[in-house]
Amino acid sequence: MKPINVGLLGIGTVGSGTFRVLQRNSEEISRRAGCAIRITMVADKDVARAKAIVGDTAQVTADALDVINNPQIDIVVELIGGYTIARELILKAIASGKHVVTANKALLALHGNEIFSAARARGVTVTFEAAVGGGIPIIKSLREGLTANRIEWIAGIINGTSNFILSEMRAKGAAFADVLQEAQRMGYAEADPTFDIEGVDAAHKLAIMAAIGFGIPVQFSKVHVEGIAKLAQEDIRYAEELGYRIKLLGIAKRKPGGFELRVHPTLIPARQLIANVEGVMNAILVKGDAVGQTMYYGAGAGAEPTASAVVADLVDVARMLTADPEHRVPHLAFQPDRLSDVPILPMGEVETSYYLRLRVADKAGVLADITRILADQGISIEALMQKEPHAGEEHVDIILLTHLTQEKKIDIAIQRIEALPVVSGNITRIRMESLQ
Ligand code: HSE
């Protein structure tokens with residue numbers, strides 16, 4: 001088969017990693033793909049830097065359209081990021097009959113349905129293994145490896161920056177802001193780090209995984225998103241004392257009336273493998289009805305781990321170039337005309353258990369008032385811990401763990417408990433998952 005010519009849009013961290021991996025492993029890659037795969041053209045605003053990376057192996061231009069309009073290019077790799085220019089370029093590449101490989105989770109989370117439908121209409125493919133979990137082949141696993149299963153739930157640590165922050169806060173008692181700076185220095189954080197710490201990046205990735213796992217359209221706007229910025233050091237400590245760790249999880253669950261899609265800090269039992277995933281590493285648990293629980297672990301960011309996923313996509317595209325478009329693996333795993341319109345459940349309908357931390361006056365009857373309010377909502381308490389008052393203080397911390405209940409019930413209970421005169425300030429609520 002003739003060599004495949006690749007045009008790279010953007011040669012930053014992931015782009016240069018992709019170039020290096022393709023060069024270093026070219027022999028093995030061509031044995032796998034059945035043909036040589038080579039980057040023959042690169043578009044980057046910083047032409048000098050791009051030339052320094054690729055030398056004379058590829059033509060360099062400042063204009064991405066030069067790549068898209070070049071009839072010699074078979075596959076366009078979009079590594080620019082963002083929603084606007086990247087969307088336009090991908091749609092143009094598709095329109096000119098190029099296959100596209102992208103790592104752009106934000107773009108696919110918001111415009112994936114439009115992009116996949118344009119690709120189908122033009123008979124080309126868009127692959128995106130690098131968009132979720134960096135080097136972890138989670139898209140391939142969900143789309144192909146688990147294809148026999150009815151996926152019941154997916155739960156993942158899918159943002160390395162926030163996992164790094166939580167790990168450092170727990171292990172070193174470090175302050176949130178200091179750890180964030182370190183993550184940025186190490187190049188893991190998004191250009192806008194609020195996407196990492198506010199859970200948006202994880203929500204982008206969750207929307208993509210849920211679509212593939214459940215056969216639904218990509219629905220980022222329906223993901224409930226909470227980040228880690230408000231987590232207090234004492235919650236991390238109390239969770240530890242109770243045998244739990246706090247992780248920012250992306251959770252997608254199949255429920256009788258619809259699907260739950262949510263990203264939020266979550267208490268998980270410390271003995272669970274996923275609770276021990278530390279630093280910038282990512283891990284995704286997938287529960288299928290036939291296979292049971294499976295777990296995928298690896299580097300969720302970084303130049304060569306992400307390049308590993310980009311190159312895997314290039315090989316996939318190379319292998320399917322001869323396949324009739326009708327018989328290719330569908331973008332979202334399910335045949336496009338067989339996507340389900342089962343709704344995403346509103347947060348009030350979500351069922352989980354809760355960690356509640358309250359500051360209360362240390363006097364008789366307080367606990368009775370609180371437990372009565374919970375009982376009125378049918379909420380059962382699984383564990384309760386009262387901390388010693390700090391010297392000279394009249395208030396104490398109470399930590400309650402509940403059994404499974406509905407979010408709308410806990411909302412009412414929290415509101416009523418906060419209104420008690422003996423309760424000071426707001427209640428901290430963190431959702432819990434046993435991941436069984
Ligand atoms: N900012 C992302 C993270 C990079 O921290 O995981 C990979 O998507």
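Okay, let's start right at the ligand: K105 puts a polar side-chain atom 2.5 Å from one of the ligand's oxygen atoms. Keep in mind that this is a predicted model. G160 also reaches a ligand oxygen, this time with a polar backbone atom, at 2.7 Å. Then there's D196, where a polar side-chain atom sits 2.8 Å from a nitrogen atom of the ligand. How much of the ligand's accessible area does the protein cover? On its own the ligand has 260 Å², and 92% of that is covered by the protein.

So who else is around it? The residues surrounding the ligand include N159, T161, Y188, E190, D201 and K205. Two elements give two or more residues to that shell, namely α8, residues 160-172, and α11, residues 200-214. By type, the shell has 5 charged residues, 4 polar ones and 3 nonpolar ones.

Let me zoom out for a second. The chain splits into three pieces: domain 1 covers 4-133 plus 303-338, domain 2 runs 138-299, and domain 3 is 347-432. The centres of domain 1 and domain 3 are 50 Å apart, going by C-alpha atoms.

Now, a strand to look at: β11, residues 281-288. Is it mostly covered or mostly exposed? Mostly covered, with 6 of its 8 residues buried. Strand β11 pairs antiparallel with β7, residues 151-157, over 6 bridges, and there W153 stands opposite K287. It also pairs antiparallel with β12, residues 292-299, over 8 bridges, with L285 partnered by M295. A hairpin of 3 residues links β11 to β12.

Note on methods: Residues numbered from 1 in each chain as written. Predicted model: local features only at pLDDT ≥ 70, side-chain atom pairs only at ≥ 80, totals over all residues. Heavy atoms only, no water. Domains from an automatic or database assignment. Buried < 20%, exposed > 50% of the residue type's maximum accessible area, 1.4 Å probe, protein only. Helix = DSSP H or I, 4+ residues; strand = E, 2+ residues; numbered from the N terminus. Pairing = 2+ DSSP bridges. Near = heavy atom within 4 Å. Polar contact = N/O pair within 3.5 Å; in protein donor to acceptor, adjacent residues only side chain to side chain. Areas by Shrake-Rupley, 256 points an atom, 1.4 Å probe, with all protein chains shown as cover. Nonpolar A, V, L, I, M, F, W, Y, C, P; charged D, E, K, R; others polar.
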